[in-house]
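Me: Please examine one part of this model closely. I would like a connected account of the nonpolar core and of the strands around it.

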Amino acid sequence: MKISVSKGLLPVALALALTSPLGAHQEIVGHLKIAHPWIKAAAEGAAGTYGCVIEISNESDEPERLIGATVEGAGAGTLYQLTERDGHFTSKPIDGLTIKPHGSIELTPTTYQFKFGKITKTLSEDAMVPGTLIFEKQHSAPVHFMVETDDTAPKEDPADANHGM
Ligand SMILES: [Cu+2]
């Protein structure tokens, strides 16, 4: 029995390890399982940065809603949804992202990002920086964001770009 359980968990562990070679962490807050919140490295004084979360699972029987985030040194992040059309990306702020009962969401640089404003304290690669994820029911969930040198976010067009129409 023990063997089959660990075999079942192995692909998940491998997936997390592959996505983050430096080690993915998981935090559990109430009914929420939060896998590897991370934020892109940025120097003090930088105009902004972005952050994502590999997966947030809602293990309760009620829906939950992710509405915000804070990271020490980066302030409050606003949740944005990215949209791709004909190879062009744009993004717009959204007021939340619902997690169904026993469901999960993923925030990847090409789908959803928290966008942060002015950086007041350097976010150095590999550091674990304290922050929060803010939910409608759970409210403020304390987590750590790992600082990564991500470069997978798409180049965005201005939101009002008119693609040659
Ligand atoms: Cu991690």
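Reply: The account below begins with the core and then follows the strand pairings and turns around it.

The model is predicted. Its largest nonpolar core holds 30 residues, and those that touch the most other members are Ile34, Ile39, Val71, Leu123, Leu133 and Phe145. Two or more residues of this core come from each of strand S2 (32–40), strand S3 (49–58), strand S4 (64–71), strand S9 (112–116), strand S10 (128–135) and strand S11 (139–148).

Phe145 gives a detailed view of the packing. Leaving aside residues up to four places away in sequence, Phe145 is in contact with Pro37, Trp38, Ile39, Gly51, Val71, Val129 and Gly131. Two of these partners, Ile39 and Val71, are themselves among the core residues that touch the most other members.

Ile39 also takes part in a strand pairing. S2 and S11 run parallel and are joined by three bridges; within S11, Val147 is the residue opposite Ile39. S11 has a further pairing with S10, this time antiparallel, with eight bridges between the two strands. A hairpin of three residues leads from S10 to S11, and Phe135 has His139 of S11 as its bridge partner.

Val71 opens a second route through the strands. S4 pairs with strand S5 (residues 75–85) in the antiparallel sense, through three bridges, and Val71 faces Gly75 of S5. Three residues lie between S4 and S5 in their hairpin, where Gly73 adopts a positive phi near 95°.

S5 then continues the pattern with two other partners. With S9, S5 forms an antiparallel pairing of five bridges; with strand S6 (residues 88–93), S5 forms an antiparallel pairing of six bridges. Tyr80 appears in both pairings: its bridge partner in S9 is Gln113, and in S6 the residue opposite Tyr80 is Pro93. The hairpin of S5 and S6 has two residues between the strands, and Asp86 in that turn has a positive phi of about 50°.

Taken together, two residues link the core to the pairings described here. Ile39 touches Phe145 and stands opposite Val147 in the parallel pairing partner S11. Val71 likewise touches Phe145 and stands opposite Gly75 in S5. From S5, the antiparallel bridges lead to S9, which is one of the strands that give two or more residues to the core.

Methods: Residues are numbered from 1 along each chain as its sequence is written. This is a predicted model: local features need pLDDT of at least 70, side-chain atom pairs count only at pLDDT 80 or more; totals for chains, interfaces and linings use all residues. A nonpolar core is a set of buried Ala, Val, Leu, Ile, Met, Phe, Trp, Tyr and Cys residues joined through C-beta atoms within 7 Å. A residue is buried if 20 or more other C-beta atoms lie within 10 Å of its own, exposed if 12 or fewer, and partly exposed in between; C-beta atoms are placed from the backbone. Helices (H or I, at least four residues) and strands (E, at least two) are DSSP runs, numbered from the N terminus. Two residues are in contact if their C-beta atoms, placed from the backbone, lie within 7 Å. Two strands pair if DSSP finds at least two bridges between them.
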